[in-house]
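User: Please take a close look at a single part of this model, and work outward from there to the residues around it. Give the cut-offs as you go.

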Amino acid sequence: MTSAAPSARRARAGELSPQRLGRIRSRLLAWYEAHGEDFPWRDARNPYWALVAGVCSQQTQMPRVLPLWRRWIEAFPTLEALAAADRAAVLRVWADAGYPRRALHLQEAARRCLDVHGGRLPRDEAALLALPGVGPFTAAIVRSFGFGEDAPALDTNVARVLGRLLHGDLQPARETPPAALREGARRVLRPGTAARWNPALMDYGARVCLPRPRCEECVVASWCAARPRFAAGEQAEPLRAQPPFEGSDRQWRGRILAALRATPQPQPIERLIAGLATGGMPQSPSPGRLRALLDDLCAEGFAWRRGGCCGLGAPPGEGATGADGSDSASLPGADDGRERDG
Ligand code: SF4
């Protein structure tokens, strides 16, 4: 079978009739009512809960998000509690959830809200995007779940559903132009429904319109532009594989942080390095590489070193907010992953 060229498929997608759109919406919302996940932040209208959920779900699969979110909210139930916390405590609660920069970004965002927004999360998209760690996906999560605003959230799962359904692309993350996805996401969102529509698309991408889609059980297959292509035997080309984690800098940075989390006391650097380098693990890195990784962690605000000792978080004596009253100098710019899959 010959498929229409992508540009022709996209032109057809622009011709979606209101009736077809209406049927797609009602079918997916009905599916969500029956099969959607019941996460606590989705119906709470609590902007802080939504912020934490949005940041936790960046680059993390949803089954791992809920325990992390619960742990975080229990430890830091409000923006004030998070802003006042010790940086080491923040990193301990984040624990081994991966990409710990997100934990520091959350704390810095809380401090900015206290300093600049009267102790509340802003409702405005531009103000949300100015917070550390908040990109378009997390801003949309805060606006839709936290405030009930009409903000379409576009992550990998949503992009996959919309790129296939509207544009007939099999691997939308690679094939569908981001502007077309954003426009499609705006067009299919019916005003007043974002708090249910966003999670409906997220869950549908995670459960039905998977990388290898389950078209035979799909409730919108009749209107899907990609369905004929999958039915004809075409397959979505896999996305580029992640580089191996085993032996990577990321893995060893995680092990250094785990060793620092294990004790509240400062640790002699050489003992820490020797323990990791000779810990009996295959492919242990050289002491020089471990020292360099520790230096990087210190430069990025995850750890400190002083006089041959090191520890988690901010150096002793700098208090909860660091020597200059802010963590921001040591934090890289916002990096909203937005990309989660499965
Ligand atoms: S028919 Fe298949 S490709 Fe289309 S939305 Fe349903 S599951 Fe996804």
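Analyst: Helix 15 passes helix 16 in a right-handed crossing, where right-handed says that the near helix is turned clockwise from the far one by less than a right angle, and left-handed that it is turned anticlockwise. This is a predicted model, in which local features need pLDDT of at least 70 and side-chain atom pairs count only at pLDDT 80 or more, whereas totals for chains, interfaces and linings use all residues. Residues are numbered from 1 along each chain as its sequence is written.

The crossing joins helix 15 to residues 269-277, which form helix 16, at an angle of about 125° and with the axes 11 Å apart; the axes are lines fitted to C-alpha atoms over the stretch in contact, and angles run from 0 to 180 degrees between N-to-C directions. Helix 15 is therefore oblique to helix 16, since angles under 35 degrees count as roughly parallel, over 145 as roughly antiparallel, 65 to 115 as roughly perpendicular, and the rest as oblique. Arg255, Ile256 and Ala259 make the contact from helix 15, and Leu272, Gly275 and Leu276 from helix 16, with contact taken as C-beta atoms, placed from the backbone, within 7 Å. These contact residues divide into four nonpolar, one polar and one charged (nonpolar: Ala, Val, Leu, Ile, Met, Phe, Trp, Tyr, Cys and Pro; charged: Asp, Glu, Lys and Arg; polar: the others, Gly among them).

Aspartate 249 also has its place in helix 15, and counts as exposed because 12 C-beta neighbours lie inside 10 Å (buried is 20 or more other C-beta atoms within 10 Å, exposed 12 or fewer, and partly exposed in between). The C-alpha atoms of aspartate 249 and proline 285 are separated by 9.3 Å, although their positions lie 36 residues apart in the sense of being 36 residues apart along the chain.

Helix 15 (249-261) is, together with helix 7 (101-116) and strand 3 (309-312), one of the elements against which the buried residues of helix 6 pack. Helix 6, residues 87-94, has six of its eight residues buried, so it is largely enclosed by the rest of the structure; the buried ones are Arg87, Ala88, Val90, Leu91, Arg92 and Trp94.

Alanine 95 follows helix 6 and belongs to the loop between helix 6 and helix 7. Its phi is positive, about 55°, although it is not a glycine, and with 15 C-beta neighbours inside 10 Å alanine 95 counts as partly exposed. Tyrosine 99, found in the loop between helix 6 and helix 7, also has a positive phi, about 45°, without being a glycine, and is partly exposed with 16 C-beta neighbours inside 10 Å. For comparison, most residues other than glycine have a negative phi.

Aspartate 96, in the loop between helix 6 and helix 7, leads back toward the starting point: not counting residues up to four places away in sequence, aspartate 96 touches Gly254 and Ala258. Its C-alpha atom is separated by 8.6 Å from that of leucine 257, which is 161 residues apart along the chain. Aspartate 96 is nevertheless exposed, with 11 other C-beta atoms within 10 Å.

As for the setting, the chain holds 17 helices and three strands (DSSP runs numbered from the N terminus, H or I of at least four residues for helices and E of at least two for strands), and 39% of its 342 residues count as buried.

Notes:
Two residues are in contact if their C-beta atoms, placed from the backbone, lie within 7 Å.
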